[in-house]
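The exercises below concern strand pairing and enclosed space. Work through each task with the model in view before reading the solution.

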Amino acid sequence: MLNELQKEIIDLKEEKNAIILAHNYQRKEIQEIADYLGDSLGLCMKATQIKDKDIVVFCGVDFMAETAYILNPDKKILIPDARADCPMANMLSAEQIRKAKKQYPEAAVALYVNSTAEAKAESDILVTSGNATKVVNALDEDVVLFGPDTNLANYTQKFTDKEIIPIPGDGHCYVHKMFNPGDVAFKKEEHPNAEVLVHPESNIDVQEAADLVLSTGDMLKYIKESDKDEFILGTERDIISRIELEIPDKKCYPLLDDAICKTMKLHTLEKVRDCLLNEEPQIKVPEELVKKSKQSVERMLKASK
């Protein structure tokens, strides 16, 4: 049952010919009014399909909204709270990539989509947590510069013969770095019938303690198709809000109750309404960066098919 503010947003959305895209880590009340929910790969793919809308309201962090702009420079891209950035994306600069390219001129540059537009402009291809292995293995080069998430780089290295060199070497998601193997053991004891699914941004020892390592999109797919009823999820806890909406017969528990991305939670229903009313804050990317970055995004999408 939608509340009055949610109904107001839906009416505004129709009036403004807008679409609302929301990441799996958004608050439940925002997930309920989104036109599309997804992980980074799903949101990128959806952004390529926006043809008949004038405005995109992106309830995620800034690099996601930037990617939507790169794919739709003719659309008005709004983000409810402009402070919603990704600390990991800010750990890798374009200058660091240029230095690494000089050191390894034969290498391809595969950047996690969780990166700034400036960094993307220095890349050959992008990856997400759901397609990193597939994309890296599709590259012609035998050496791959990979950033900014070191855990995802190390996870991908397990499934390729290519040499992966992480840049900057210590990039990470502070939410997924919260988990440790002791958390997995404790939660397994508490819920002995539950499978443990963790995100590849988690530390390697946490990945090894889990039953499966999956992106949030793949977690959702696995839970839908599994004959099991209980799951412990090692990722941002609001993925469970989406699961409760779409798969209410399955029981999921957060690996940690305080696994919360603070910047994702900056968005509120009030801010979604206000950004639709005022058509601000807008996300824009300089034309030069759009041209350089778009090739990497599109190359990733092609390799993901």
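**Exercise 1.** Determine in which sense strand E7 and E8 pair, and place their pairing within the sheet.

*Solution.* In this predicted model, strand E7 (residues 143-147) pairs with E8 in the parallel sense, over four bridges. To locate the contact at residue level, take Val-144, whose bridge partner in E8 is Ile-164. Next, follow the pairing outward: the strands form an open sheet of four, in the order E6-E5-E7-E8, with parallel pairing. The edges of this sheet are strand E6 (125-127) and strand E8 (163-166), each of which pairs on one side only. Finally, from one strand to the next, the twist averages 30°.

**Exercise 2.** Describe the largest cavity by its volume, and then examine its lining.

*Solution.* Begin with the count, which is two cavities of 30 Å³ or more. The largest cavity has a volume of about 300 Å³, and of the 29 residues that line the largest cavity, Tyr-25, Asn-114, Cys-173, Glu-201 and Met-264 are the closest to its centre. Helix H3 (40-47) and helix H4 (62-71) are the elements that give two or more residues to this lining. Sorted by class, the lining of the largest cavity comprises 14 nonpolar, eleven polar and four charged residues.

**Exercise 3.** Repeat the analysis for the second largest cavity.

*Solution.* The volume of the second largest cavity is about 50 Å³. Its lining includes Ser-40, Leu-43, Phe-63 and Val-113, and the elements that give two or more residues to that lining are H3 and H4. By class, the lining of the second largest cavity divides into eight nonpolar residues, two polar and no charged.

Terms used:
Residues numbered from 1 in each chain as written. Predicted model: local features only at pLDDT ≥ 70, side-chain atom pairs only at ≥ 80, totals over all residues. Heavy atoms only, no water. 1 Å grid on protein atoms, 1.4 Å probe; cavity = no way out; pocket = protein on both sides within 12 Å on 5 of 7 lines; lining within 4 Å. Points joined across faces, edges and corners; volume = space filled by probe spheres on them. Nonpolar A, V, L, I, M, F, W, Y, C, P; charged D, E, K, R; others polar. Pairing = 2+ DSSP bridges. Axes fitted to C-alpha atoms, helices over the stretch in contact; angles between N-to-C directions.
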